[in-house]
Amino acid sequence: MNLTRRDMVARAAAACAAATLLPWQAANAQQAWPAKPIKLVNMGPPGSPPDTYGRIYAERLSKVLGVPVIVENRPGAGANLASDAVAKAPADGYTLLYTVSNAFVINPWIYSKLSFNPEKDLRPVSPILSQGAFIVVNNDLPVKSVKELVAYAKERPGKLAYASYGIGGFPHLAMELFCERAQVQMLHVPYKTGPLTDVVSGQVQLMVEPAASAIPMIRSGRVRAIAATSAKRHPQLPDVPTVAETYPEFALTGWHGIWAPAGVPNDIVQRLNSEITRISQSPEIRKQIMEMGSEPMTATTENMAAMVRSEAKLWGDLLKTKNITVD
């Protein structure tokens, strides 16, 4: 095919224009996020606190991002199932993880084999809320304070039974840390389902229960609150002292957050962080979360990563000392 000089010039101009357009199109496609529904993989079963809180944020994110944010529940294996699914998802900003901090600060220590690397395969997006807990006891247990509980346990080493939601969860490890600080021995009874009803009936004597579910039971008189695990007294139960008032070095709260696959572009992560921060700071959401016994949290992605590193060291030291593992 013979080309005239005019044809050659026209083709060169078209190629140059296309080369110029491609970077613009790529940048425009990046800016177009989100262009389809986002999946929020939740580590909690339907109706659990993580599921409840996750759906609150999913609804709000749907409104501000202009696309559906769909919750997919993947409970099991201490949040590892949900974490693994997101770690292996495409890093395009359309699959996110809602989980408790345990998945990053505890699980790497208690599971000898994980199918993903929490630090390398997932990146922090934003914390959501912090949630304290209470040491609650059966009403027939003759103790009403931390000092009385410690004295009672020391008189019966290894006989006082406390329940948890399973080995390695926050309620289990919080009580292990309490026993270490108080220098007492108690019997751990792990459950696969909610154990609080067995504390009420006296099958086990006590447990650490998250504030959201503990507060209604305490207010109804079905269990007695001995102390809060957080650094400050809980605003809904200000008459209940903290463990720290007896053991100053003891202050624990669990927290929830959102993570993304490690390769998600930084501009998408920062957009999500900004939108989630605005949601958490809105008066309506603050009131809703605080009425449920928790407190909204905000932080940059960098500060969230620093929180994980700090808490991982705390729990890692305890878990190595106690030799606590799941497998």
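A residue counts as buried when its relative accessible area is under 20%, as exposed when over 50%, and as partly exposed in between, with a 1.4 Å probe and protein chains only. The exercises below concern a predicted model, in which local features need pLDDT of at least 70, side-chain atom pairs count only at pLDDT 80 or more, and totals for chains, interfaces and linings use all residues. Residues are numbered from 1 along each chain as its sequence is written, and side-chain values use heavy atoms, with hydrogens and water left out.

**Exercise 1. Describe the protein chain as a whole.**

Solution. Step 1: of the 327 residues of the protein chain, 50% count as buried. Step 2: the C-alpha trace spans about 100 × 40 × 30 Å along its principal axes. Step 3: the protein chain contains 13 helices and 11 strands; these are DSSP runs numbered from the N terminus, helices being H or I with at least four residues and strands E with at least two. Step 4: among contacts (heavy atoms within 4.5 Å) between residues at least 6 apart in sequence, 77% join residues at least 24 apart.

**Exercise 2. Determine how α2 and α12 are arranged.**

Solution. Step 1: two packed helices are described by the angle between their axes and the distance between the axes. Axes are lines fitted to C-alpha atoms, for helices over the stretch in contact, and angles run from 0 to 180 degrees between N-to-C directions. Step 2: helix α2 (residues 49-65) and helix α12 (residues 283-291) have axes that come within 12 Å and cross at roughly 170°. Step 3: angles under 35 degrees count as roughly parallel, over 145 as roughly antiparallel, 65 to 115 as roughly perpendicular and the rest as oblique; α2 and α12 are therefore roughly antiparallel to each other. Step 4: on the α2 side the contact involves Tyr53, Ile56, Tyr57 and Arg60, which meet Glu284, Ile285, Gln288 and Ile289 of α12.

**Exercise 3. Classify the aromatic pairs of Trp33 and Phe104.**

Solution. Step 1: rings of Phe, Tyr and Trp (its six-membered ring) pair if their centres lie within 6.5 Å; planes under 30 degrees apart count as stacked, over 60 as edge-to-face and the rest as tilted. The whole structure holds five aromatic pairs. Step 2: Trp33 and Tyr94 are tilted, at 6.4 Å centre to centre and 55° between the planes. Trp33 belongs to the loop between α1 (5-31) and β1 (38-42) and Tyr94 to the loop between α3 (80-87) and β3 (95-100), so this pair ties together parts that are 61 residues apart in sequence. Trp33 is buried at 7%, and Tyr94 is buried at 13%. Step 3: Phe104 and Trp259 have ring centres 4.1 Å apart and planes at 10°, so they are stacked. Phe104 lies in helix α4 (residues 102-105) and Trp259 in strand β10 (residues 254-261), so the pair links parts 155 residues apart in sequence. Phe104 is buried at 8%, and Trp259 is buried at 1%. Step 4: Phe104, Trp255 and Trp259 form one aromatic cluster.

**Exercise 4. Locate Ser130 and list its neighbours.**

Solution. Step 1: Ser130 lies in strand β4 (residues 122-131) and is buried, with 17% relative accessibility. Step 2: leaving out residues up to four places away in sequence, Ser130 touches Gly254, Trp255, Ser294, Glu295 and Met297. Step 3: the C-alpha atoms of Ser130 and Thr298 are 9.8 Å apart in space, while the residues are 168 apart in sequence.
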